[in-house]
Amino acid sequence: MTLALYARRKEWPLQAVTVRLEHSRIHAQDCAECETKEGKLDRIDREITLEGKLSDEQKARLMEIADRWRVHRALTSEISIRSSLAGGTRHGPASPPGARTAPA
């Protein structure tokens, strides 16, 4: 659910949402909260601006909602990318039984 839809449903005075992302690569050993400790990691810094006369509690709740957004959850989980050439050979790990292929 988007922040704007959630705020509208709650009838909160959210006027606009701006999200700024910055991507970088960091050494895993420099990331205290990361499980991986070797190699490099992708880091995405997200800055969210909420415009409107919102209470601190409303802002905190909207930040919780932002962390539950499906794209945020996908990017913070382990990602496995499998590539195949249409009509050709699959490159990467074999598909588990019953796996479904999503469109690219």
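The following exchange concerns helix α2 of a predicted model.

Biologist: On what basis are residues numbered and features counted?
Modeller: Residues are numbered from 1 along each chain as its sequence is written, and side-chain values use heavy atoms, without hydrogens and water. The model is predicted, so local features need pLDDT (the predictor's confidence in each residue, from 0 to 100) of at least 70, side-chain atom pairs count only at pLDDT 80 or more, and totals for chains, interfaces and linings use all residues.

Biologist: In the protein chain, where is confidence highest?
Modeller: The protein chain averages a pLDDT of 81. Helices (H or I, at least four residues) and strands (E, at least two) are DSSP runs, numbered from the N terminus. Confidence is lowest in strand β4 (residues 90-91), at a mean of 58, and highest, at 94, in helix α1 (residues 3-10).

Biologist: Which residues of α2 are buried, and why are they on the same side?
Modeller: Buried means under 20% relative accessible area, exposed over 50%, partly exposed in between (1.4 Å probe, protein chains only). In α2 the buried residues are Q58, L62, I65 and A66. They lie on the same side of α2 because their arc around the axis, taken from the directions from the helix axis to the C-beta atoms, is only 100 degrees.

Biologist: Which exposed residues does the opposite face of α2 carry?
Modeller: This face is turned away from the buried side of α2. Its exposed residues are D56 and E57.

Biologist: Which residues does Q58 touch?
Modeller: Q58 counts as buried because its relative accessibility is 16%. Contact means heavy atoms within 4.5 Å. Not counting residues up to four places away in sequence, Q58 touches W12, P13 and K53.
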